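Me: I am new to this protein and would like a careful look at one part of it, with enough of the surroundings to place that part. Here is what I have in front of me.

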Amino acid sequence: MLITGGAGLHRHHLALRLVEANEVVIFDNLHRNAMGGTGLEQHPRLTFIQGDVLTPPPCWPRPRAVTTSSYMASIAGVDTVMKNPC
């Protein structure tokens, strides 16, 4: 399972649930790292790849054996978007 934005506030909870029975890959830029301190980053079935979904997909690392993806990356906070809408 690949989760983009998986280190975010709500998405890291999804990863915590899934990693108990699945191999999970989190792809995140760590702009808001909510998974820090949860122990998730040391889980043996978790692979973390730091990157940004704004990078064109051919440049993304390609984890092996990913059969399911959940694209959940987003900008956190309306104020962030208002200050920099691009």
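What pLDDT does the protein chain average, and what share of the residues score at least 70? After that, please take me closely through helix α1 (residues 11–18) and what lies around it.

Reply: The protein chain averages a pLDDT of 82, and 83% of its residues score at least 70, where pLDDT is the predictor's confidence in each residue, on a scale from 0 to 100. This is a predicted model, in which local features need a pLDDT of at least 70 and side-chain atom pairs count only at 80 or more, while totals for chains, interfaces and linings use all residues. Residues are numbered from 1 along each chain as its sequence is written, and side-chain values use heavy atoms, with hydrogens and water left out.

To place the helix, it helps to begin with the order of the elements. The protein chain holds 2 helices and 4 strands, these being DSSP runs numbered from the N terminus (H or I over at least four residues for a helix, E over at least two for a strand), and from the N terminus on they run β-α-β-β-β-α. Among these elements, strand β2 (residues 24–28) has the highest mean pLDDT, 90, whereas helix α2 (residues 78–83) has the lowest, 72.

Of the 86 residues of the protein chain, 28% count as buried, a word that means under 20% relative accessible area, with exposed meaning over 50% and partly exposed anything in between (1.4 Å probe, protein chains only). In α1 the buried residues are R11, H12 and A15. They cover an arc of only 100 degrees around the axis, which puts them on the same side of α1; the arc is that of the directions from the helix axis to the C-beta atoms. As general background, an α-helix has 3.6 residues a turn, so residues three or four places apart point the same way. The buried residues of α1 pack against β1 and β2.

H12 deserves a look of its own, since H12 counts as buried because its relative accessible area is 5%. Leaving aside residues up to four places away in sequence, H12 touches G6, A7, A34, M35, T38 and L40, where contact means heavy atoms within 4.5 Å. L40, counted in the same way, touches H12, A15, L16, V19, I26, M35 and L46, and the names H12, A15 and L16 in that list lead back to the helix.

A15 and L40 also belong together in the largest nonpolar core, whose 9 residues are I3, A7, A15, V19, V24, I26, M35, L40 and L46. Such a core is a set of buried Ala, Val, Leu, Ile, Met, Phe, Trp, Tyr and Cys residues joined through side-chain atoms within 4.5 Å.

The strands that the helix packs against have details worth following too. In β1 (residues 2–4) sits T4, which counts as buried because its relative accessibility is 1%, and a polar atom of the T4 side chain lies 3.0 Å from the backbone nitrogen of M72. Beyond β2, in the loop between β2 and β3, comes L30, which counts as partly exposed because its relative accessibility is 28%. L30 has a positive phi of about 60 degrees although it is not a glycine; most residues other than glycine have a negative phi. L30 is also touched by Q50, along with D28 and N29, again not counting residues up to four places away in sequence.

Definitions and conventions
A polar contact is a pair of N or O atoms within 3.5 Å; within protein, one must be able to donate a hydrogen and the other to accept it, and residues adjacent in sequence count only if both atoms are side-chain atoms.
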